[in-house]
Every structure is written in structure tokens, then in C-alpha cells.
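Reader: I am new to this one, could you show it to me and then take my questions as they come?

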2 protein chains.
Amino acid sequence: MRPNVERRPPVMADVARLAGVSHQTVSRVLNDHPNVRAETRTRVMRAIDQLGYRRNLVARALVTKHSRTLGVVSFDTTLYGPASTVYGIEQAARDAGYFVSIVSLRTIDRAGVNDAIGYLAEQGVDGIVVVAPQRSAARALDDLPAGMPAVAVEGWHQGEVSVVSVDQVEGARLATSHLLDLGHETVWHVSGPADWLEAEGRIEGWRAVLTAAGRPVPGMLTGDWSPRSGYRAGKELAAMAGDVTAVFVANDQMALGLLRAFTEEGVKVPEQISIVGFDDIPESEFFSPPLTTIRQDFGAVGRRSIDVLLRQIESGEALPHERLVVPPQFVLRGSTAAR
Amino acid sequence: MRPNVERRPPVMADVARLAGVSHQTVSRVLNDHPNVRAETRTRVMRAIDQLGYRRNLVARALVTKHSRTLGVVSFDTTLYGPASTVYGIEQAARDAGYFVSIVSLRTIDRAGVNDAIGYLAEQGVDGIVVVAPQRSAARALDDLPAGMPAVAVEGWHQGEVSVVSVDQVEGARLATSHLLDLGHETVWHVSGPADWLEAEGRIEGWRAVLTAAGRPVPGMLTGDWSPRSGYRAGKELAAMAGDVTAVFVANDQMALGLLRAFTEEGVKVPEQISIVGFDDIPESEFFSPPLTTIRQDFGAVGRRSIDVLLRQIESGEALPHERLVVPPQFVLRGSTAAR
DNA sequence: GCCCTAGGTGTTAGCGCTAACAGTTAGAAA
DNA sequence: TTTCTAACTGTTAGCGCTAACACCTAGGGC
């Protein structure tokens, strides 16, 4: 490292010297300590302005043991769901005066999540949010550093850590019931990939409703959340157009793929086949036809998870683990019709 | 702050004691300093394992003056473009051994961006990436803290800072030329909101091609990037279906809105009107019809911006400001046809 | 034997801040 | 008056780490 030519940035001592007080008094002003004379305070403030002083939060964190930074471990923040969740987290954290340090995993497995948590711990974060949509990722929460406040989002867990998630099972119930209520004999399902907790929850809800209604449970198609995989599933379903009259698709992107495949094959939606999606991405309302779907309030999930995490951090002790569930919402549009 | 019941995490001195060396030797091992005997190194490593020691990067940052953290200021990371860019930034940063601290602004204005930069500076980031798609945000880069390495993404700037962006003008040229080449008399444009640099660049490229070809430049419709605004524009254009034969839409989401409006009004795409979008979001390929569009490589933009920023940081001095341009790519699909 | 060098290690100081405590003053209470 | 208290401010220590330097040893050249 070569010597830096420009003057070093001002530190507290510089402000103190200029204001004619001790550095401790400057610290008190900065931290809104009550016992500072008004006149002294303004003198210090003036000195701060004059020097363009900014306090060094790194030094502060070293002594207070609090960095006011939260770590977020997520997966493919390009997707609407994770992106919205992380956005909600970031907003809520900043409103509470915390920074957010993000690690986006390319592949999500226990080792990767563990590494990420380790890095964040070294960095001195006060707590960690893990967006853990897969079983393997969720398991990494078992070996959190001792005493590290944490919360799982969209994860599954048994008591080791608090979890905030949308009620996937209930969402699937809403979707499936809607289709049965319209008079369909049964409902097919295009699921998300195995190992994903959301996919599992949606399968569970779908199956539960069919079983409770005494309907046959058709074979299930599996996609990978992408429109392309929905397109492939759509081609298969179109070939069975006579038998299939209603499909619950595990997310809106795949539903778009189905719609495209059906259009190509001349299958009319909703006249011949009704479709319900999941997520309510901003595009869904403008699909042709507009997609009936289940809305997930990702922003609420993000905010709730920060609530839970901050309560843990600020209490300074291990709180009992909560399981917070955000309700999904049914959104009726044009892709479903009575049989 | 109440007393913490559990033992404090081990520090370097604890490792040193257990390994029977000085803390400095532990530091040397951790930093891969060459002059450490192999036997000593393994002894230290063993002690580290045994205690589960993790070094405190906050303390390290205080003395080295480098936090190995980069700040990112962005806007609405729910949208595909910003989300993908931020993802690319995060990946590239982590590959280079840096953390990423993110601030997502709700509204993007000079004051907001300035505040965000200020927070990040206090936090001790080594450099800042500002995703500054609006003129007002880009201007905030004029008052960066002295000596803070920074790079603007999708921004516009005159020499104060390096900029990495996709060539919007060229993308618009590609779109417009394609439509003229297909034999359309002229091309209409649904633009992004005013003050957005991307919107301006796309207007510029569109207009330039029309003017160069001696074609009339039709009145322009303006949206806000949302599918809904595209839908509204589509309704207007459908009413003029005889005159309008080709539309260049400033992003794919609005193009989807147009498609929906045209479907409702019975306007056939591409038979009656051809449409070209911009972005190539994952959904575009599965619109009906699949959307001809201009692909932006957001990942590349993110990676390049980190390249530029790290070069600045690691050189330790003010490098000349660069203007890096990532080429857009034309993607032919089914929403355009010859006149 | 001497010196010199290089490898390996320990000692000390200090990064910029806050916490804890130690004054100092002024005014109220005794 | 004295004494106490509260309000305000300064002094000191130390968070956990790295940089700089000091110090040992062993081995080679003379």
C-alpha cells in the first residue's frame, strides 16, 4: 500500500480540538447523551459541519459489540419472490436503523449456506436472516454459531429457530377448492421441484382438498419454476385435453408456460381448461387470459422476519422460537371458469 | 445491556495461549504470512479448530482501514433489471472476496442517494456502486465523499466517476431498424418515464433511426415501465389500428400490457401490428406471441462495474474515469412480421 | 573464533471509538 | 455557612486486531 497523498479524514479528536472540548463530549453529542449543555452541543455540531466529519462505525462497533448490520443469505435474487422478500427485509431493517449485508447463493446447499453464515458472523453482523426455501438449506440452520440471533424465511424447522413464511398449504387449498367449486371433477397439479418446501406445501394442500372431497388424485407433473418447464408440462397436458379440465400450477411463471403451450395446441383457457397460478407476479394480471392466482405478500414476510429478528437481538437473550405465518390471498381473474 | 450469560467468543489471544505462541503468530497464520514454521502453523490451526475461533473482521478493518465491503445503492430491486444487476454485482464482489452492503431506495432522488452514500461511508465501505437510472440520482454522484472509489451503473455522467451501462441507444436502433427492415412505414414508441436515462437513450435511438431513414416520427406515448401503463398505451394504439403497424416498446413488461390490450381489442400481433420490447425478461419467450426484444446482459453489467471499482480500490489512487458499454443483443421471436 | 544474514518469533503501540469513572461547577437543602 | 446533589465535562482504559520493530537462533563465509 503506497502512502496516501490526500489528508486523512477527520476523526473525533479533530472535532474535539476545533470545538475546544474533549473527544468524549463529541461522542456524547453524537449519541444524544442528555447531559450536554446546549451551547456546547451547537459548538460541536458546528465543528462537525466545518470538518465534514463522519463517525467511524467500525471503531464504534468494535467497542459496542454491535455493528447494527444484519446478514441476509438468499438464493437467486433474480426471481420475483426472493427479490421481493429481500427488498422487504432491507426496507424494514433500514427503517429500524440497521444495515443489510447480502450473500446470494448460486447453488443452495447446506455447505454453501453454512459458509455464508460463517462469513457474515466474522463480519460481525448482529443477526442473520436465512431465506431457506429448500430442505437442505434449512438444515444449515442447525449449526448456527452459538448465540447468533437468526430467523428463517420460507423455511421449515422444528424449534431451533424462528420461521416466517406464507402459508403454502392454505394457498394450495384456496386454489384447489376454487376449481372444485367451479364444478371440475378433479384438479391436476404442476408442482415445483422436489426438495423445495414451498413445492411440498403446495402439493400437500392440493392433495388434502382432493382427498377430503373424495376426488381422484391425478398424476402430478413436476417443473423447476421456470416458464420453460411449465411450457413442457403444458404440452403434456394438452395431449390429454379431454381428461384434464383444471390445473393448479405451483407458480405464475410456469402457468405462463402452460398458457403458451395451450395456445399453440389450440386448447382454450378457460373454456376447455381452467388454470390457477401462485405468487401473483406483476405480469399475471396481463396474461391472456389474466391469471387467477394466489397472492403472496412477500413484503410482509420480509417485514415480519425483521420484527422477529430485532426482538431477539434487542432483548439480548434467547427468546422462544416462533412460527409466524402470513396468509395467502386468492385473486380471481380470467383463467378459470365453471365446468 | 445486561450481562451475557454465555462465554464470550474466543479471541486471538485465546488461540495463542492454547497453541503456546504469541497472538501475532496467530495473526500471521491467519494472513498466510510466509515466515511461520510449518509445525507452528499446524499447532495454531489445531487450536483454532478446537476453540471454534473466527476472527473479528471489525477489529481487523479498524487497523487495516479496509473493510472488504462494498456499498450498493439501488432502486426498487423488485424489478427484473435492477435485481439482476445487483445479483451480478454481488456475485462478482464475493468472488473477489468482498462483502456487499445494500441500500434499496424507495424513491430515488438526489437527497436519498446522498443519504445512502453517507451511511455507507460511515459504515466504512471500501467503495460504492450506485445504480443510478435517473438523472436526479446520477447527479448525487457529484457530492461523493472525497477519495471514495465509486462507479455508476446505468447512469449518465460527465467525467466525475466511471460509468458502466448497456448501450441503450444502440438497442433502440436495433429494434427500430428491424421494424423498418420488415417494411413498416414508420415505428411508434411507448417510452419509459421522463427523467430515466434508459428511457431517454431508447427514445434517442428510435428517433435517430427514423430520422436517418427519412421517415415521419410519430407522437410518442409514455409509460412508467409497468404492464398496466403498457396496457393503457395499447388501448390508445388499438384505436388507431389502421395507422399503426409497428411499435417499439421501451420494456417487456409494458409490451405485455400492449399485447393484452391488443388481444382485448381484437388486434392481431404480428399480423396487424408488430411489437418489439426491451430487456428480455424470462417471461418474454412465452408471451403470446413470443416477444421479439432486445436483451440486456445485466449480469455482465454487474460484473464489469465491480471490475472497474476494484481496480480503483486496489490501485489506491484516482484512476481516469472510464465509460464502459455493454452491447445489447437483438432477439427475434414471433411478435414481428413483414408488412 | 568472528561477523553477517535470514528465518522465525515475541513485544509494543495504536487504529477510533465508547464505557466507566473522576473531577468540577453551581445551585438547593440543611 | 456547610453539605449534598445534579449537571456537565474530562481522563483513562481497552475493544481485537495488525504493523513495526526488536529479538533470538542457526548456519554460512571469512
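Author: What follows is a conversation about the two protein chains and the DNA strand C.

Reader: Before we start, what kind of model is this, and how is it numbered?

Author: This is a predicted model, in which local features need pLDDT of at least 70 and side-chain atom pairs count only at pLDDT 80 or more, while totals for chains, interfaces and linings use all residues. Residues are numbered from 1 along each chain as its sequence is written, and chains are lettered from A and ligands numbered from 1 in the order in which they are written.

Reader: OK, the DNA then: how many residues surround strand C?

Author: DNA strand C is surrounded by 25 residues, where a residue is near a strand if its C-beta atom, placed from the backbone, lies within 6 Å of it. The closest are Met12(A), Ser27(A) and Ala59(A) from one chain, with Ser22(B) and Gln24(B) from the other.

Reader: And which elements give two or more residues to that surface?

Author: They are helix 2 (23–30) and helix 4 (57–64) of chain A, together with helix 2 (23–30) and helix 4 (57–64) of chain B; helices (H or I, at least four residues) and strands (E, at least two) are DSSP runs, numbered from the N terminus. Helix 4 of chain A provides the largest share, five residues.

Reader: How do the residues near strand C divide by type?

Author: There are ten nonpolar, eleven polar and four charged residues on that surface, with Ala, Val, Leu, Ile, Met, Phe, Trp, Tyr, Cys and Pro counted as nonpolar, Asp, Glu, Lys and Arg as charged, and the others, Gly among them, as polar.

Reader: Switching topic, how many residues of chain B are in contact with chain A?

Author: On the chain B side there are 48, in contact with 50 residues of chain A, two residues being in contact if their C-beta atoms, placed from the backbone, lie within 7 Å. Among the elements of chain B that give two or more residues to this side are helix 5 (80–95), strand 2 (99–105) and helix 6 (110–122). The residues on this side of chain B divide into 19 nonpolar, 18 polar and eleven charged.

Reader: What turn lays chain B on chain A?

Author: A turn of 180 degrees with a shift of 0.0 Å along the axis does it, with an RMSD of 0.1 Å, when the copies are superposed by least squares on the C-alpha atoms of residues with pLDDT of at least 70 in both. That is the relation of a two-fold axis, and the same surface serves both copies, as 100% of the contact residues of chain B recur in chain A. In chain B, the residue that comes closest to the rotation axis is Ser101(B), with its C-alpha at 2.1 Å.

Reader: Any backbone oddities, say, which residues are joined by a cis peptide bond?

Author: Most residues other than glycine have a negative phi, and most peptide bonds are trans. In chain B, the bond between Ser288(B) and Pro289(B) is cis, with omega about -5 degrees, and Pro289(B) sits in the loop between strand 9 (274–276) and strand 10 (293–295). Glu154(B), which is not a glycine, has a positive phi of about 55 degrees.

Reader: Is Glu154(B) buried or exposed?

Author: Glu154(B) is buried because 29 other C-beta atoms lie within 10 Å; the cut-offs are 20 or more such atoms within 10 Å for buried, 12 or fewer for exposed, and partly exposed in between, with C-beta atoms placed from the backbone.
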